[in-house]
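This briefing goes through the open and enclosed spaces of one protein model and then turns to one of its sheets. Please keep the sequence and the three-dimensional view at hand while reading.

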Amino acid sequence: MTVASWNVNSITVRLAQVIDWLNVHRPDVLCLQETKIPDERFPKAAIEAVGYQVVYSGQKAYNGVAILSRLPISQVRSSLPGDDETAQKRLIAATIAGIEVVNVYVPNGSEVGSEKFAYKLAWLERLYRWFERDFDPQGAVLLCGDFNIAPEARDVYDAQAVAGKVLFHPDEHAALARLQQWGLIDTLRIHTEEAGLFSWWDYRAAAFRRNLGMRIDQIWVSAPLAARCTAGWIDRQMRAADSPSDHVPVVASFEIDSEARDPGGSVLELESR
């Protein structure tokens with residue numbers, strides 16, 4: 001079973017790229033962020049035409065998330081507890097093949113010390129409290145998306161240059177550490193310790209050509225899924241496409257018994273058989 005995550009920076013602009021990528025790689029699940037489209041305009045038919053179910057939560061011009069799946073989708077949730085209909089569309093969760101998939105577009109934070117930075121930290125705290133209340137670290141849980149945080153020095157082009165700034169601030173790292181301590185594991189780091197593996201490059205200053213990137217898009221999983229994770233990689237070549245997103249897909253694969261593809265089947269139950 002393969003799960004991918006991709007901040008497409010407008011599904012309207014990047015729809016053809018998404019369709020092409022699905023046709024080439026055929027992931028079981030693709031989580032999208034920054035779709036930037038209200039629900040009534042989401043290109044559902046185009047996604048379904050290539051064999052994927054889709055659920056989404058969006059708004060005009062900003063934010064927006066979606067889950068595309070070749071497997072049945074159930075128990076869809078589209079907000080953090082306490083959000084109302086005016087809340088920013090930054091989260092969608094569903095159960096797929098017994099796995100609780102949570103897709104997030106974490107706030108950017110703008111500048112350290114700003115109201116937007118405080119909102120980012122508060123949003124991450126709410127996410128953590130939700131995990132603590134409603135999820136089981138010994139269950140099959142997957143958190144993915146645009147975290148807007150690079151976890152470690154090896155995940156940025158120059159740790160000294162970005163230290164203490166948004167995307168690489170100690171308060172952001174503390175928020176990630178809480179999720180890690182809850183029981184989530186970074187799938188890429190199961191398979192490689194290599195530095196310089198980035199998922200985002202600014203459009204400015206020839207950042208991609210100069211490889212001035214950061215790894216701010218990630219797939220984190222609970223220990224039972226980590227034990228089944230067979231691969232983790234980043235599709236860097238998509239940043240070189242025509243009119244690319246500033247992000248590229250990140251991917252993780254898992255060895256899941258065929259029975260787990262039944263939406264009622266639990267990965268944990270299967271592991272104990």
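How many nonpolar, polar and charged residues does the lining of the largest cavity have? The model under discussion is a predicted one, and in it the lining of the largest cavity has seven nonpolar, three polar and three charged residues. The points below place that cavity beside the other spaces of the model and then describe a sheet of six strands.

**Cavities**

- Two cavities of 30 Å³ or more are held within the structure, and the largest of them encloses about 70 Å³ of space.
- The largest cavity is lined by 13 residues, of which T187, L188, I219, W233 and V250 are the closest to its centre.
- Strand 12 (217-222), strand 13 and strand 14 are the elements that each give two or more residues to the lining of the largest cavity.
- The second largest cavity holds about 30 Å³ of space, and its lining is made by S78, S79, L80, D83, Q88, R90, L91 and W123.
- Sorted by class, the lining of the second largest cavity has three nonpolar, three polar and two charged residues.

**Largest pocket**

- The largest pocket offers about 860 Å³ of space, and among the 34 residues that line it, N108, N148, L167, W200 and R204 are the closest to its centre.
- Helix 3 (115-134) and helix 4 (159-162) each contribute at least two residues to the lining of the largest pocket.
- The lining of the largest pocket has 16 nonpolar residues, together with ten polar and eight charged ones.

**Second largest pocket**

- About 190 Å³ of space lies in the second largest pocket, whose lining consists of P151, E152, H173, L176, A177, Q180, L184, I185, D186, R189 and W220.
- Two or more residues of the lining of the second largest pocket come from each of helix 5 (170-182) and strand 9 (184-186), and helix 5 gives the largest share, with four residues.
- By class, the lining of the second largest pocket has six nonpolar, two polar and three charged residues.

**The six-stranded sheet**

- Six strands form an open sheet in the order 3-4-2-1-14-13, and their pairing is mixed.
- The edges of this sheet are strand 3 (53-57) and strand 13 (229-234), each of which pairs on one side only, while the twist from one strand to the next averages 10°.
- Strands of a sheet pair through backbone hydrogen bonds, in either a parallel or an antiparallel sense.

**Strand 1 and its partners**

- Strand 1 (residues 2-7) pairs with strand 2 (residues 29-33) in the parallel sense over five bridges; within this pairing W6 stands opposite L32, and V3 has V29 as its bridge partner.
- Strand 1 and strand 14 (residues 250-254) run antiparallel and are joined by four bridges, with S5 standing opposite V250 of strand 14.
- V250 thus links two topics of this briefing, since this residue is the partner across from S5 and is also one of the residues closest to the centre of the largest cavity.
- Strand 1 is largely enclosed by the rest of the structure, because five of its six residues are buried.
- Together with helix 1 (residues 11-25), strand 1 and strand 2 make a right-handed β-α-β unit.

Definitions and conventions. Residues are numbered from 1 along each chain as its sequence is written. This is a predicted model: local features need pLDDT of at least 70, side-chain atom pairs count only at pLDDT 80 or more; totals for chains, interfaces and linings use all residues. Side-chain values use heavy atoms; hydrogens and water are left out. On a 1 Å grid over the protein atoms alone, a cavity is a set of points where a 1.4 Å probe fits but cannot get out, and a pocket is an open set with protein on both sides within 12 Å along at least five of seven lines; lining residues have an atom within 4 Å of a point. Grid points are joined across faces, edges and corners, and a volume is the space filled by probe spheres set on the points. Ala, Val, Leu, Ile, Met, Phe, Trp, Tyr, Cys and Pro count as nonpolar, Asp, Glu, Lys and Arg as charged, and the others, Gly among them, as polar. Two strands pair if DSSP finds at least two bridges between them. Axes are lines fitted to C-alpha atoms, for helices over the stretch in contact, and angles run from 0 to 180 degrees between N-to-C directions. Buried means under 20% relative accessible area, exposed over 50%, partly exposed in between (1.4 Å probe, protein chains only). A crossover is right-handed if, with the strands pointing away from the viewer, the path from the first strand over the helix to the second runs clockwise.
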